[in-house]
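Work through the following exercises slowly, with the sequence and the structure beside you. Try each task yourself before reading its solution.

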Amino acid sequence: MTSAPFIIETALLLLVTYVVGCVIGDLARRWSLAEWKLPAIGQPIPLTPQAQMPVVVPDVVPAEMAAAADPIVPPDLPPEPVEMPAPPIVETLVQSPESVAVTEPTPVPPRRKSVARAKATEPSAPEQPAEPEGDGRPQPLDSPRGGVKDNLKQIKGIGPKIESTLNALGVFHFDQIAAWDESTSAWVDGHLGFKGRIAREDWIAQAKARLAENATKESV
Amino acid sequence: MTWGSVTYLVGFYWPYLSAVLVIGFLTGWLSRPGSAPGQRTGKPYD
């Protein structure tokens, strides 16, 4: 039984080796935790006041750093911006007000109904036909010469109402009517809505006759 | 047990002794609660 002490010694050596390994492992574990200052898994993490406060990372570079930092300029780009021509769409937008002014819609003529209503509500003269084209308006007088106007009612066809209308047009004397030509008589005829009444009644001849009568009276 | 016998055993069985040493090391490393990889601490939802 000489092998019994040898087995015991071997067993003791293995046991001592195992215990030494356990001690070394435990110490290594403690050392590693102390080195990294990390608690074991499952242990509560002690929070310092700084850790409890919310960490706000500013996204703006401090002024000192910004002032100290050199501006980053790409070597390939020119230092100053090059003015590029505006794209066509921008020109179009810039010119849009003019184009709008040019393409401004023409006023749409009112409907016939509205025109009829306007005419119905309009306090107009009894007959307001369209004035004839062309310049045939008689030369008006602001007031009768000498403050005395001729009695235009002596012409057949002219009543008090027509006389006041002629006076409103600046016609106060026979010589004015006698000086009318065809265009003037047509203008007045159209203005008064007589439909050729002046020519039919021959106001111009009547006026010339009255002038002749007045001339003979004055000469006598 | 003499120093001679210990030296002989270590010289002869050093591979086994080193293996036992590694096993002991791991046992001591993992003996602390919660230090084992994937080991639960016993807390719910841990």
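**Exercise 1.** Is Ser31(B) buried, partly exposed or exposed, judged by its relative accessibility? Then describe where Ser31(B) lies and what its side chain reaches.

*Solution.* Keep in mind throughout that this is a predicted model. Begin with the surface: the relative accessibility of Ser31(B) is 47%, and since partly exposed covers the range between under 20% for buried and over 50% for exposed, Ser31(B) counts as partly exposed. Next, locate the residue, which lies in the segment after helix 1 (3-30) of chain B. Finally, follow the side chain of Ser31(B), which reaches the backbone oxygen of Gly28(B) at 2.8 Å.

**Exercise 2.** Decide how the rings of Phe12(B) and Tyr13(B) are arranged, and place them among the aromatic pairs of the structure.

*Solution.* A search of the whole structure, taken over all chains, finds five aromatic pairs. For Phe12(B) and Tyr13(B), the ring centres are 4.8 Å apart and the planes stand at 80°, so this pair is edge-to-face, because planes over 60 degrees apart are counted in that way. Now widen the view: ring pairs link Phe12(B) and Tyr13(B) with Tyr8(B) and Tyr16(B) into a cluster. Within this cluster, Tyr13(B) is partly exposed, with a relative accessible area of 22%.

**Exercise 3.** Describe the surroundings of His173(A), starting from its place in the chain.

*Solution.* First, His173(A) is found in the loop between helix 7 (160-168) and helix 8 (174-178) of chain A. Second, its relative accessible area is 4%, so His173(A) is buried. Third, leaving aside residues up to four places away in sequence, the residues that His173(A) touches include Leu141(A), Pro144(A), Val148(A) and Leu152(A). Asp150(A) is also one of the residues touched, and here the side chains of His173(A) and Asp150(A) make a polar contact at 3.4 Å.

**Exercise 4.** Compare the backbone and the exposure of Lys195(A) and Asp202(A), and then look at the ring of Phe194(A).

*Solution.* Take the backbone first: phi of Lys195(A) is near 60°, a positive value in a residue other than glycine, and Asp202(A), although not a glycine, has a positive phi of about 55°. Lys195(A) is found in the loop between helix 9 (182-192) and helix 10 (197-201) of chain A, whereas Asp202(A) is in the loop between helix 10 and helix 11 (203-219) of chain A. As for exposure, Lys195(A) counts as exposed at 73% relative accessibility, while Asp202(A) counts as partly exposed at 37%. Lastly, Arg197(A) lies over the face of Phe194(A), at 4.8 Å from the ring centre.

Methods
Residues numbered from 1 in each chain as written. Chains lettered and ligands numbered in written order. Predicted model: local features only at pLDDT ≥ 70, side-chain atom pairs only at ≥ 80, totals over all residues. Heavy atoms only, no water. Phe/Tyr/Trp six-rings, centres within 6.5 Å; stacked < 30°, edge-to-face > 60°. Buried < 20%, exposed > 50% of the residue type's maximum accessible area, 1.4 Å probe, protein only. Lys NZ or Arg CZ within 6 Å of the ring centre and 35° of its normal. Helix = DSSP H or I, 4+ residues; strand = E, 2+ residues; numbered from the N terminus. Polar contact = N/O pair within 3.5 Å; in protein donor to acceptor, adjacent residues only side chain to side chain. Contact = heavy atoms within 4.5 Å.
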